[in-house]
Amino acid sequence: GRIAHPGVVAIYEFGEDAHCTYIAMEFVEGRNLEQLLLESPPLELPWLLQLMDQLLDALGAAHAQGICHRDIKPANLLLTNGGQLKLTDFGIARIDGLNLTQVASTIGTPGYMAPEQYIGEALDHRADLFACGALLYRLLSGRPAFSGTPERVMYQVLNDHPPAPSQVAGVARAPALDEVVARALAKHPDDRYPSALAMRQAIMAAGAASGGMAGAGDATVILPMAMRPPLPVAAGAASGTTLAPATGWDPQVLSRIERALASHVGPMAKLMVREAARQCADLGSLANAVSQHIAEAGQRARFLDQVEARPVGTHSSAAQAQTA
């Protein structure tokens, strides 16, 4: 929720309604990349390079927030009708410093999981870059880098090196990107690209050498009409409810705390503040309660200073009158 990037599906709100917990997310008109790859011929080099460029740009924003996606694959990449790639499904993402998914360290999708995910070693953002290498291989060659039963795929990921994309029969590709794929698919994380930006720059350089990025620069690229998915048929707008207000608190006070907390935790701040307000009677205790959701001590201290810097009444006038 704290990733603000056009290449990441936005989260607008998180809350509860009776027995239902929900996340309100951005609606994307389009289809996922897996569907496009199954229904279309191999993508031309300029288009697939632009997709990889958008993906690595979005991943760079996630990694900058200390978030590893851990399940990069075509089905989790949405493509809008205008050609914008959007990364979604952070369901098994890991946040650095928080052991939120430690027990599920081997969860992922065979064929895109890095070797360290299979053997349970510590992993970081370079596991996402391995998956990007597997995706780039598929885009270039028209087939997965690793295939077969889950057990066979695991063996290949841990032990084998797929043939270079330019050597795969049926799809003519320039060899300039073979080295990029090979480094991204390195068995050991230290042998891969150190960052999404480094891999992005390598792809751009290789693409330029092969003529695939000529004239692209930073301009927006729109997919041709033949590649655009049809508009989905709306089945009706979903309706939801807002969080019940915490009684006895000035809404402006809660809103101010929510905005301050949202800069650290994203839109979940609204739920966190409203839940804490039901248990706290003064500004200090409320600020301390919600500050526990901020992992970094320095940021937590700055949040508390920001919230407590402006002395304002914590309760509504009605509640204050009743207390008097």
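## Helix H11 and its packing

Contact, as the word is used for packing here, means heavy atoms within 4.5 Å. In this predicted model, the buried residues of helix H11 pack against helix H8 (251–265) and helix H10 (283–291). Helix H11 itself spans residues 297–308 and has 12 residues, reaching 17 Å from its first C-alpha to its last, which is close to the 16 Å expected at 1.5 Å a residue.

Which residues of H11 are buried? They are Phe303, Leu304 and Val307, and because they cover an arc of only 95 degrees around the axis, they lie on the same side of H11. An α-helix has 3.6 residues a turn, so residues three or four places apart point the same way. On the other side of H11, Arg302 and Asp305 are exposed.

## The hairpin of S1 and S2

Strand S1, made of residues 11–17, pairs with strand S2, made of residues 20–25, in the antiparallel sense, and 6 bridges support this pairing. Within the pair, Gly15 stands opposite Tyr22 in S2. The hairpin formed by S1 and S2 has 2 residues between the strands, and in this hairpin Ala18 takes a positive phi near 55 degrees.

## The sheet S3-S5-S6

An open sheet of 3 strands follows the order S3-S5-S6, with antiparallel pairing. Its edge strands are strand S3 (30–32) and strand S6 (85–87), each of which pairs on one side only. Neighbouring strands of this sheet are turned against each other by 30 degrees on average, with direction ignored. Helix H2 (residues 45–64) packs on the sheet, where it touches S5 and S6, and the direction of H2 makes about 35 degrees with that of S6.

The pairing of S3 with strand S5 (residues 77–80) is antiparallel and runs over 3 bridges. For two residues of S3 the facing residue can be named: the bridge partner of Arg31 in S5 is Leu79, while Gly30 stands opposite Thr80 in S5. S5 is also joined to S6 by 3 bridges, and these two strands run antiparallel, with Leu78 standing opposite Lys86 in S6. S5 and S6 form a hairpin with 4 residues between them, and Gly83, which lies in the turn, has a positive phi of about 90 degrees.

## Buried cysteines and a buried glutamine

How many disulfides does the structure hold? The count is 0, where a disulfide would require a pair of cysteine sulfur atoms within 2.5 Å. Cys68 counts as buried because its relative accessibility is 2%, and Cys132 is likewise buried, with a relative accessible area of 0%. The cut-off behind both assignments is a relative accessible area under 20%.

Is Gln117, a residue with a polar side chain, buried or exposed? With a relative accessible area of 1%, Gln117 is buried. Gln117 is found in helix H3, which covers residues 115–119. The C-alpha atoms of Gln117 and Arg70 are separated by 8.7 Å, although these two residues are 47 residues apart along the chain.

Definitions and conventions: Residues are numbered from 1 along each chain as its sequence is written. This is a predicted model: local features need pLDDT of at least 70, side-chain atom pairs count only at pLDDT 80 or more; totals for chains, interfaces and linings use all residues. Side-chain values use heavy atoms; hydrogens and water are left out. Buried means under 20% relative accessible area, exposed over 50%, partly exposed in between (1.4 Å probe, protein chains only). Two strands pair if DSSP finds at least two bridges between them. The expected span of a helix is 1.5 Å times one less than its number of residues. The arc is that of the directions from the helix axis to the C-beta atoms. Axes are lines fitted to C-alpha atoms, for helices over the stretch in contact, and angles run from 0 to 180 degrees between N-to-C directions.
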